[in-house]
Amino acid sequence: MRHDVDVAPAMTPLEAVIYYDDPANAQFMCDMLMSARPGWTVWRGEDRIWRARRNDWPEEYPPLATATAGLLNLVMRFIDEGEAA
């Protein structure tokens, strides 16, 4: 393990909201989540809520909606692994 690498401190919740208010940063996170979880479409609304839906879900199914991208990723993983209904 290397000990000579500086690691940035974690962002506070407020810093994270401000960071993702920049559309380029929000799009990067959406792209990263869609790359990590194929078969999903991910977006962040103007209301600052992260949303995702499986591409194969019927149109009447609402998207997942969470306040953080991290929680969205976790729920997407649970659904992909069959651990959530």
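The buried residues of helix α3 pack against α2, β1, β2 and β3 (64-66). In this predicted model, those buried residues are Ala69, Leu72 and Met76. Around the helix axis they cover an arc of only 55 degrees, which puts them on the same side of α3. The length of α3 works out too: at 1.5 Å a residue, its twelve residues should span 16 Å, and the end C-alpha atoms are indeed 16 Å apart. Just after α3 comes glycine 82, with a positive phi of about 75 degrees.

Stepping back to the whole chain, there are three helices and three strands. Read from the N terminus on, the elements go α-α-β-β-β-α. The chain has 85 residues, and 25% of them count as buried. As for contacts between residues at least 6 apart in sequence, 26% join residues at least 24 apart.

Now for helix α2, which covers residues 23-36. Its 14 residues should span 20 Å at 1.5 Å a residue, and the distance between its end C-alpha atoms, 20 Å, agrees with that. Asn25, Ala26, Met29, Cys30 and Leu33 are the buried residues of α2. Seen down the helix axis, these buried residues fall within an arc of 140 degrees, so they line one face of α2. What lies over them includes α1, β1 (40-44), β2 (50-54) and α3 (69-80). Turned away from that buried side is a face of α2 with the exposed residues Pro23, Ala24, Phe28 and Ser35.

One residue of α2 can be followed a little further. Asparagine 25 sits in this helix and has a relative accessible area of 19%. Because buried means under 20%, that value makes asparagine 25 a buried residue. Leaving aside residues up to four places away in sequence, asparagine 25 touches Tyr19 and Tyr20.

Tyr20 also turns up in the lining of the largest pocket. This pocket has a volume of about 210 Å³. Its lining is made up of Pro13, Ala16, Val17, Tyr20, Arg44, Arg48, Ile49, Trp50, Ala67, Thr68 and Ala69. Helix α1, residues 13-20, gives the most to this lining, with four residues. Sorted by class, the lining holds eight nonpolar residues, one polar residue and two charged ones. Ala69 appears in the lining as well, and it is one of the buried residues of α3.

Another of the lining residues, Arg48, has a backbone detail to look at. Arginine 48 lies in the loop between β1 and β2. Most residues other than glycine have a negative phi. Arginine 48, though, has a phi near 70 degrees, a positive value in a residue other than glycine. At 42% relative accessibility, this arginine 48 counts as partly exposed.

Methods
Residues are numbered from 1 along each chain as its sequence is written. This is a predicted model: local features need pLDDT of at least 70, side-chain atom pairs count only at pLDDT 80 or more; totals for chains, interfaces and linings use all residues. Side-chain values use heavy atoms; hydrogens and water are left out. On a 1 Å grid over the protein atoms alone, a cavity is a set of points where a 1.4 Å probe fits but cannot get out, and a pocket is an open set with protein on both sides within 12 Å along at least five of seven lines; lining residues have an atom within 4 Å of a point. Grid points are joined across faces, edges and corners, and a volume is the space filled by probe spheres set on the points. Helices (H or I, at least four residues) and strands (E, at least two) are DSSP runs, numbered from the N terminus. Ala, Val, Leu, Ile, Met, Phe, Trp, Tyr, Cys and Pro count as nonpolar, Asp, Glu, Lys and Arg as charged, and the others, Gly among them, as polar. The expected span of a helix is 1.5 Å times one less than its number of residues. Buried means under 20% relative accessible area, exposed over 50%, partly exposed in between (1.4 Å probe, protein chains only). The arc is that of the directions from the helix axis to the C-beta atoms. Contact means heavy atoms within 4.5 Å.
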